[in-house]
Structures are given as structure tokens and as C-alpha cells.
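User: I would like to learn how to read a model like this one. Can we start with a helix and work outwards?

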Amino acid sequence: MNPFTFTQVRDIDSALSQLASGEARPIAGGTNLIDLMKEGVMRPARLVDINGLGLDRIEDGPNGGLRLGALARNADTAYHETVRSRYPLLSAAMLAAASPQLRNMATNGGNLLQRTRCYYFYDVGTPCNKREPGTGCPAREGLNRQLAILGTSEHCIATHPSDMCVALRALDAGVHVRSQRGERDIPFADFHRLPGDRPDLDTTLEPGELITHIDLPDADRFKAHSAYIKVRDRLSYAFALVSVAAALDMDGKTIRAARIALGGVAHKPWRVEEAESALAGKPADEHTFGAAADILLRGARGYGQNDFKLTLARNAIVQALTTAARGTEYAKGEQR
């Protein structure tokens, strides 16, 4: 591991001042950053401990929504009574992630900034455009079983690993950030990037910006019919081969509105609003769900070892929508 300096800050102005240089990285739980530093993938000259900033509250947000502090731990968020009752999709997605020990350490803001688990990205002895732009992408013809089938480019086929982010994309969340230049809100759809010709840039964060909180809009109409399906190689502590966050607003057996996002298939959580529009006014049945899946997966392609994801993703979408249509277990308990 390369040498670095470590600074603890107690107020946000001090944190923003430290981060303004571009050489510093914020650290809270450190569950991904420390691994990357140990492997030599990331080499920040300075770490700024932001745990003392008080950004760990979960509270009512504007317009009837909920505000999640960037430093709230994943476990505290997933088990928070308001999250469980009003946003069961988010709770389910977060509890499907990692292990209890990691969820106790990992923060909401850090979860958004997770980096890909592509083997070549982690192996500094191999080329990787995401790690070193211009060196190549051996994953396209190499070990790509875990990697993307949507939104890829000739430069990168990596996937984003987060479960939480898939649910946040389906729920139309927003990300609030601050820097010495001011504050801004980033729609979740615009927060993560597709690789294009700059796969080294995971997000649209600008230098010196710090995530302070995540805003969830009111989603009460979806809470009674939602499901998070995660297909993985083993039941725990494994990243998704394919995951689906599905939420339906139902009128009897007819779909009024839908939200669907996919994980494990692209460089960012994948959502196609045309697929959601195709569900509106339709019966909640396998034919309807299959048609939506075909729209979601339009343009998908495999790279050899991950060809199976084309079928797996379609099946997972249909399963998630079918499960959501039956009703959310937590919401059923509330009604009893």
C-alpha cells in the first residue's frame, strides 16, 4: 500500500476544504476503498475521515418523501421502520447485499460509489481501461461471466455491483452533493455513467463534491406491490449475476403504473421507461411481463461466458414482476 496522510474532520466546511485539492478521498466505512488501496488499484495521497460530520440521520424529506443521510449505515437504513414500511423495495435490496458485518459498516453514500468487481480491474498486472484508460479491455474476450450485456462499449463491459442503487433507480431517488462551489441535486438516473470512451469515470460527481444525503420521493402507491430478485452463485455474500427491482401500482389485477430497474447487467442500474409504459393498463400476467422484459433487454448482447445472462435476465424480470403483483409481504402484514 502506498503512503498516505489521514485527517479527521468535524464539520463539513473543513471536509470540503480538504477535498478541494483533488488529491484527497473521503472515507467513512471504507468497505470498498480500503480493498482497492490494498490491491494498488486506488492510490489516494490523502484520506479524509468524514464520520464526524453528522450526516447519518434518516428523516422526513420534502414533498412527503424520505431523506437518507449519506453516513447512515446500510444496516440501520435497511431496518429503519419508515424504510421498511414505506419503501420495502429498498429495504429488501439492501438486505440482499454483502454480509451483516459489511452492512453494519458500509454507508449509504459509499454504496453509491462502489467500483466494479471486474477481475481485470482488480488485477493491476493486467490492462484495464477503467483503471488505466487506453490500455485495453481484455474482459471482452476473456473472463466475462459476471459482466455487462447492456450499455457496453468497446472500451469496457464492467458492471456496477450495488444492490441498493438498483432500488434507488427504480424509486426515482435524487442525490444531494456539496462542494466549495455550492450545492446541487443530481437525479439518480444521471448519477452513474455508462462507460463510453471514459470508463474510468463511474459517476457525474465533480472534483471536490461530497454526497450529503439521498432523497426519496413519495412512493406509497408502490409499497404494496414490490419485489427485489437477486440471482447469484450462492445465497450470501455474492454479487448479482442479475438483479431486478420491480414495483407496481395495481388496480385489482390491472397495472396502473410500474417501475423496473436491473442490476448486474450494465455499468449503471438499468432502467427503460418505455418498458414501464408498456405495462400501464395491462393485466398482470406472464405475457404482459414477458413483453416488458423484451423491451428492457432490447440491444442486449453477450460476450461468450456471459451469454446465459440474456435468458437469465428475462426470466428474472418476469419472476420479479410476478412476485410484485402478488403483494409485498411487509405491506400485507400492515394490512392484517
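Analyst: Yes. This is a predicted model. Start with helix H13 and its buried side: Lys309, Ala313, Ala316, Ile317, Val318, Ala320, Leu321 and Ala324 are the buried residues.

User: What do the buried residues of H13 pack against?

Analyst: To read packing, look for heavy atoms within 4.5 Å. For H13, the partners are three strands and two helices: E9 (226-231), E10 (242-251), E11 (254-263), H11 (273-279) and H12 (286-296).

User: How far does H13 reach from its first C-alpha to its last?

Analyst: Compare the span with 1.5 Å a residue. H13 covers residues 308-326, 19 residues in total. Its end-to-end reach is 27 Å, close to the expected 27 Å. Just after the helix, Gly327 has a positive phi of about 120°.

User: Which residues of H12 are buried, and what covers them?

Analyst: Take the list, then the cover. Thr288, Phe289, Gly290, Ala292, Ala293, Ile295 and Leu296 are buried in H12. Their cover includes E11, H11 and H13.

User: Why is helix H5 described as largely enclosed?

Analyst: Count its buried residues, meaning those under 20% relative accessible area. H5 spans residues 88-95, and six of its eight residues are buried, so the rest of the structure largely encloses it. Those buried are Pro88, Leu89, Leu90, Ser91, Ala93 and Met94.

User: Now the loops. Where does Cys118 lie, and is it buried or exposed?

Analyst: Locate the residue, then check its accessibility. Cys118 sits in the loop between helix H7 (108-112) and helix H8 (119-122). It has a relative accessible area of 7%, so it is buried.

User: What does Cys118 touch?

Analyst: Set aside residues up to four places away in sequence, and Cys118 touches Ala139, Leu147 and Ala158. For a C-alpha distance, take Cys118 and Ala148. They are 30 residues apart along the chain, and their C-alpha atoms are separated by 10.0 Å.

User: Which sign does phi take at Asp172, and where is the residue?

Analyst: Read the sign of phi, then check the residue type. Asp172 has phi near 60°, which is positive, and it is a residue other than glycine. It is placed in the loop between helix H9 (164-170) and strand E6 (174-179). Its relative accessibility is 36%, so it counts as partly exposed.

User: What is phi at Tyr237, and how accessible is the residue?

Analyst: Tyr237 also is a residue other than glycine with a positive phi, here near 50°. The loop between E9 and E10 holds it. At 49% relative accessibility, Tyr237 counts as partly exposed.

User: Let us step back. How many helices and strands does the chain have, and what is its radius of gyration?

Analyst: The chain has 14 helices and eleven strands. For overall form, set the radius of gyration against the value for a compact globule. With 336 residues that value is near 20 Å, and the chain has 20 Å, which agrees. The C-alpha trace spans about 60 × 45 × 35 Å along its principal axes.

User: What share of the chain is buried, and what share of contacts joins residues at least 24 apart?

Analyst: Of the 336 residues, 53% count as buried. For contacts, consider pairs at least 6 apart in sequence: 64% of them join residues at least 24 apart.

User: Last, surface and charge. What is the accessible surface of the chain, and how far apart are the mean positions of its charges?

Analyst: The accessible surface is about 14800 Å², and carbon and sulfur atoms account for 47% of it. For charge, compare mean positions: those of the 41 positive and 40 negative charges are 3 Å apart.

Notes. Residues are numbered from 1 along each chain as its sequence is written. This is a predicted model: local features need pLDDT of at least 70, side-chain atom pairs count only at pLDDT 80 or more; totals for chains, interfaces and linings use all residues. Side-chain values use heavy atoms; hydrogens and water are left out. Helices (H or I, at least four residues) and strands (E, at least two) are DSSP runs, numbered from the N terminus. The expected span of a helix is 1.5 Å times one less than its number of residues. Buried means under 20% relative accessible area, exposed over 50%, partly exposed in between (1.4 Å probe, protein chains only). The radius of gyration is taken over C-alpha atoms; the globule rule is 2.2 Å times the number of residues to the power 0.38. Accessible areas come from the Shrake-Rupley method with a 1.4 Å probe; for residues, only the protein chains shown count as cover. Lys and Arg count as positive and Asp and Glu as negative; His and the chain ends are not counted. The place of a charge is taken as NZ of Lys, CZ of Arg, CG of Asp or CD of Glu.
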